[in-house]
Amino acid sequence: MGPRGVHGAVGVLCALCAAVLAGCGSAGTGGLESAGPTSPAVGPVRLWPDLPPATNPPIDYGESDIQRVPGIRVTGDDVRSVDAVEVVRAEVRAHPDARSGADGLYEETARAVEACVREPGACPVMRPYYRDLTGDGRDELIVGIRMPEQQVAVRVYRAERGGLTRIMSTVDQVISVELAGRDLIMRVGSAGIPGYEYRTAWSWDERQGSMLPTRDEIVRTGSPGAGSPGAGPSVTGSSGAGPEGAGPSSLVPGGARPPGTRPSGTAPVPPPPPEEAP
């Protein structure tokens, strides 16, 4: 092939390559396209870096939730072998006058718990639920106790060494309680912020040996002025056969948690006394 033929072949090849490259870059054929400018990454900025460190040691939150339930034996460390009502009755008998703290119940609720055997229809202890919340392969016992003002005490118990240890205790104006994986999630009404609710995820903490409120958020549920959801308390979720399922109090009358406070591990606040007639 002469020089003219070589130049002609090269020209045809270049033309074909140009056509292919143009096709690859055309719209609608899967070619790369710019996403536009991106914002520069901004790292965290520490405010007031000269603040001195705290002098008081941090309080181990949840430590006071841990308590051995007196007089309860657990066969084979299986929480399904115990009666949830008897568990709560044992705690009431051990702390008959407790109106605050992790053992706190309304006086009328404590009396109703004691009467559960002879008046089961009025028993405030709801059906128990079961779920492995600690990740040790064995279920924990989850108990709910109905109280006035739509407040519900939620307690979790772990079987160990033939007995029962309470690893969580909290009281709040509960909308619902849910199980998600190994988290227990509580939805709580907020009377102080209409149209919003608190959602708190309680998770097992190996170091503390108890359930801790690891995530707490305020979620909008409706338009301002619509008020907090008023659905009755419920417990949902299941595991296996059959049904499933402290620190200072931060509750106020009516059960709403004031903005900026942590989930309570504690006690009900009695409703205010009725006003006297003039």
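Q: What makes the largest nonpolar core a core, and which residues touch the most other members?
A: This is a predicted model, and its largest nonpolar core has 27 residues. The ones that touch the most other members are I72, V87, V88, L141, V143, Y157 and L164. To belong, a residue has to be one of the nonpolar kinds, be buried, and be joined to the set through side-chain atoms within 4.5 Å.

Q: Which elements give two or more residues to this core?
A: Two helices and three strands do: α2 (84–94), α3 (107–114), β3 (140–146), β4 (151–160) and β5 (163–180). Helix α2 has the largest share of this core, with 5 residues.

Q: How do you know that there is another core apart from it?
A: A separate set of 19 residues turns up, including L133, V154, V177 and Y198. A core is a set joined through side-chain atoms within 4.5 Å, so a set that lies apart gets counted as a core of its own. As background, nonpolar side chains in soluble globular proteins tend to be buried together.

Q: What is L164 in contact with, leaving aside its neighbours within four places in sequence?
A: Quite a list: Q67, R68, V69, I72, V74, V79, V87, L141, Y157, R158 and A159. Each of those has heavy atoms within 4.5 Å of L164, which is what contact means here.

Q: Why does Q67 count as buried?
A: Its relative accessibility is 17%. The cut-off for buried is under 20%, so Q67 passes. You'll find Q67 in strand β1, where the residue touches E91, H95, D103, L164, T165 and R166, not counting residues up to four places away in sequence.

Q: How do you know that a disulfide joins C116 to C123?
A: Check the sulfurs: S to S comes out at 2.0 Å. A pair of cysteine sulfur atoms has to be within 2.5 Å, so this pair qualifies. The structure holds 1 disulfide, and the link of C116 and C123 is right-handed, with 80° about the S-S bond.

Q: Are C116 and C123 buried or exposed?
A: Both are buried: C116 has a relative accessible area of 5% and C123 has 18%. Buried means under 20%, so each value falls below the limit.

Q: Where does C116 lie, and what is in contact with C116?
A: C116 sits in the loop between α3 and β2 (129–131). Its contacts are V85, C123 and P124, once neighbours within four places in sequence are left aside. Going by C-alpha atoms, C116 and R89 are 8.8 Å apart in space while being 27 residues apart in sequence.

Q: What makes V45, L47, W48 and L51 a nonpolar patch on the surface?
A: Patch residues need over 30% relative accessible area and no salt bridge, and nonpolar side chains are joined within 5 Å. These four make the cut, and together they have about 520 Å² of accessible area. Take L47: at 55% relative accessible area, this residue is over the 50% mark, so L47 is called exposed. L47 is located in the loop between α1 (3–24) and β1 (67–68).

Q: Why does E108 count as partly exposed?
A: E108 has 47% relative accessibility. That falls between the buried limit of 20% and the exposed limit of 50%, so the middle label applies. This residue is part of helix α3, and its C-alpha is 8.9 Å from that of P148, with the two positions 40 residues apart in sequence numbering.

Q: What is the phi of Q150, and what is the phi of R161?
A: Q150 has phi near 60° and R161 has phi near 55°. Both values are positive, and neither residue is glycine. For context, most residues other than glycine have a negative phi. Q150 is in the loop between β3 and β4, and R161 is in the loop between β4 and β5.

Q: Why is R161 called exposed, and why does Q150 count as partly exposed?
A: R161 has a relative accessible area of 64%, which is over 50%, so R161 is exposed. Q150 has 27%, which lies between 20% and 50%, so the partly exposed label goes to Q150.

Q: How many helices and strands does the protein chain have, and what share of its residues count as buried?
A: There are 3 helices and 8 strands, running α-β-α-α-β-β-β-β-β-β-β from the N terminus on. Of the 278 residues, 39% count as buried. The accessible surface is about 15800 Å², with 58% of that belonging to carbon and sulfur atoms.

Technical notes. Residues are numbered from 1 along each chain as its sequence is written. This is a predicted model: local features need pLDDT of at least 70, side-chain atom pairs count only at pLDDT 80 or more; totals for chains, interfaces and linings use all residues. Side-chain values use heavy atoms; hydrogens and water are left out. Buried means under 20% relative accessible area, exposed over 50%, partly exposed in between (1.4 Å probe, protein chains only). Helices (H or I, at least four residues) and strands (E, at least two) are DSSP runs, numbered from the N terminus. Patches are made of residues with over 30% relative accessible area and no salt bridge: like charges are joined within 9 Å, nonpolar side chains (Val, Leu, Ile, Met, Phe, Trp, Tyr) within 5 Å. Accessible areas come from the Shrake-Rupley method with a 1.4 Å probe; for residues, only the protein chains shown count as cover. A salt bridge is a side-chain nitrogen of Lys or Arg within 4 Å of a carboxyl oxygen of Asp or Glu.
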